Amino acid sequence: MTEVREDVVAELDHESEVITLQDFVRIIEAHHATEGRGVSRELVGEYADAVRYDVDLDALDDRTTDSDEWREGGRFYELRDGRISVYPPDWHETMSSTDDIRDVVEIIQSEVTAAEGDMWEAVSEQRGVPEEKVFHVGEVVAGIDRDDARDRIKELRDNGEIEEFASQHRNPTIKLT
């Protein structure tokens, strides 16, 4: 049994009023990544108990796929040894060796072709990838710090390598040019 970490509990508590199961697992995966890629279902359950979040582990299993590639529908992905991730195994394989957020944008942009997700993470072919999704994938899968990702996106924008679509909220979408 792995002990929950207080910093992860604090992050989950901070988001607990509006957090989805997808975000709940993503936060644990991003901040409790000590045993390789993904997280165990047991660890998800332990964090759920720690923050009194009602997680239906059966629903988690219903949304889990053994696909190696991105699938629509807010899926969780089976990795190895019963571990799951909010991102597919091929993203872990491809992005684990990059430290450039441009590569992250390129993979998301090429693989997630259907508009899905909430307003913070919806991807579309016309408008590209929301920055927040880029930050999440970069952090969880490639281990890229949010501030480093933000700086690199600014650099790509300044160099004309990405197009940004302004929006009414602080999460613009970006697309490689």
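This dialogue works through several features of a predicted model, one at a time.

User: How many residues of helix H2 are buried, and which are they?

Analyst: A residue counts as buried when its relative accessible area is under 20%. Helix H2 spans residues 21–31, and nine of its eleven residues are buried, so the helix is largely enclosed by the rest of the structure. The buried residues are Leu21, Gln22, Phe24, Val25, Arg26, Ile27, Ile28, Glu29 and Ala30.

User: What is the general rule for the direction in which residues of a helix point?

Analyst: An α-helix has 3.6 residues a turn, so residues three or four places apart point the same way. Burial may then be read along a second helix. Helix H7, residues 131–142, is mostly covered, with eleven of its twelve residues buried. Among the buried residues of H7 are Val134, Val137, Gly138 and Val141.

User: Which residues have the most contacts inside the largest nonpolar core?

Analyst: That core has 47 residues, and Leu12, Phe24, Val25, Trp91 and Val104 have the most contacts inside it. Two of these names, Phe24 and Val25, also appear in the list of buried residues of H2. If neighbours within four places in sequence are set aside, Val104 is in contact with Met95, Val134, Val137, Gly138, Ala142 and Ile144. Val134, Val137, Gly138 and Ala142 are among the buried residues of H7.

User: Is His92 buried or exposed, and which residues does it contact?

Analyst: His92 is found in helix H5, residues 89–95. Its relative accessibility is 2%, and therefore His92 counts as buried. Beyond its neighbours within four places in sequence, His92 is in contact with Glu29, Arg37, Leu79, Ser85, Tyr87 and Val141. One of these, Glu29, is a buried residue of H2, and another, Val141, is a buried residue of H7.

User: What is used to describe a pair of aromatic rings?

Analyst: Such a pair is described by the distance of the centres and the angle of the planes. The structure holds four aromatic pairs. In one of them, Trp70 and Tyr77 are 6.1 Å apart, centre to centre, with 35 degrees between the planes, and the pair is tilted. Both of these residues, Trp70 and Tyr77, are buried. The rings of Tyr87 and Trp91 have centres 5.8 Å apart and planes at 15 degrees, so this pair is stacked. Tyr87 and Trp91 are buried as well. Trp70, Tyr77, Tyr87 and Trp91 form one aromatic cluster.

User: What is the order of the strands in the open sheet, and which are the edge strands?

Analyst: The open sheet has four strands in the order S1-S4-S3-S2, with mixed pairing. Its edge strands are S1 (39–40) and S2 (64–65), each of which pairs on one side only. Strand S3, residues 76–78, and strand S4, residues 83–85, pair in the antiparallel sense over two bridges. Tyr77 has Ser85 of S4 as its bridge partner. Both residues have been met above: Tyr77 belongs to the aromatic cluster, and Ser85 is in contact with His92.

User: Which residues other than glycine have a positive phi, and where do they lie?

Analyst: Most residues other than glycine have a negative phi. Two cases with a positive value may be considered here. Arg52 has a phi near 55 degrees and is found in the loop between helix H3 (41–51) and H4. Arg52 counts as exposed because its relative accessibility is 78%. Asp81 has a phi near 50 degrees and is placed in the loop between S3 and S4. Asp81 also counts as exposed, because its relative accessibility is 70%. A glycine may be added: Gly143, just after H7, takes a positive phi of about 70 degrees.

User: What joins the side chains of Arg152 and Asp100?

Analyst: A polar contact of 2.8 Å joins them. Arg152 lies in helix H8, residues 146–158. With neighbours within four places in sequence set aside, Arg152 is in contact with Asp100, Ile101 and Arg102.

User: How far apart are Ala59 and Leu21 in sequence and in space?

Analyst: They are 38 residues apart in sequence and 9.5 Å apart in space, C-alpha to C-alpha. Ala59 lies in helix H4, residues 57–62. Because its relative accessibility is 25%, Ala59 counts as partly exposed, whereas Leu21 is one of the buried residues of H2.

Terms used. Residues numbered from 1 in each chain as written. Predicted model: local features only at pLDDT ≥ 70, side-chain atom pairs only at ≥ 80, totals over all residues. Heavy atoms only, no water. Buried < 20%, exposed > 50% of the residue type's maximum accessible area, 1.4 Å probe, protein only. Polar contact = N/O pair within 3.5 Å; in protein donor to acceptor, adjacent residues only side chain to side chain. Contact = heavy atoms within 4.5 Å. Pairing = 2+ DSSP bridges. Phe/Tyr/Trp six-rings, centres within 6.5 Å; stacked < 30°, edge-to-face > 60°. Core = buried A, V, L, I, M, F, W, Y, C linked by side-chain atoms within 4.5 Å.
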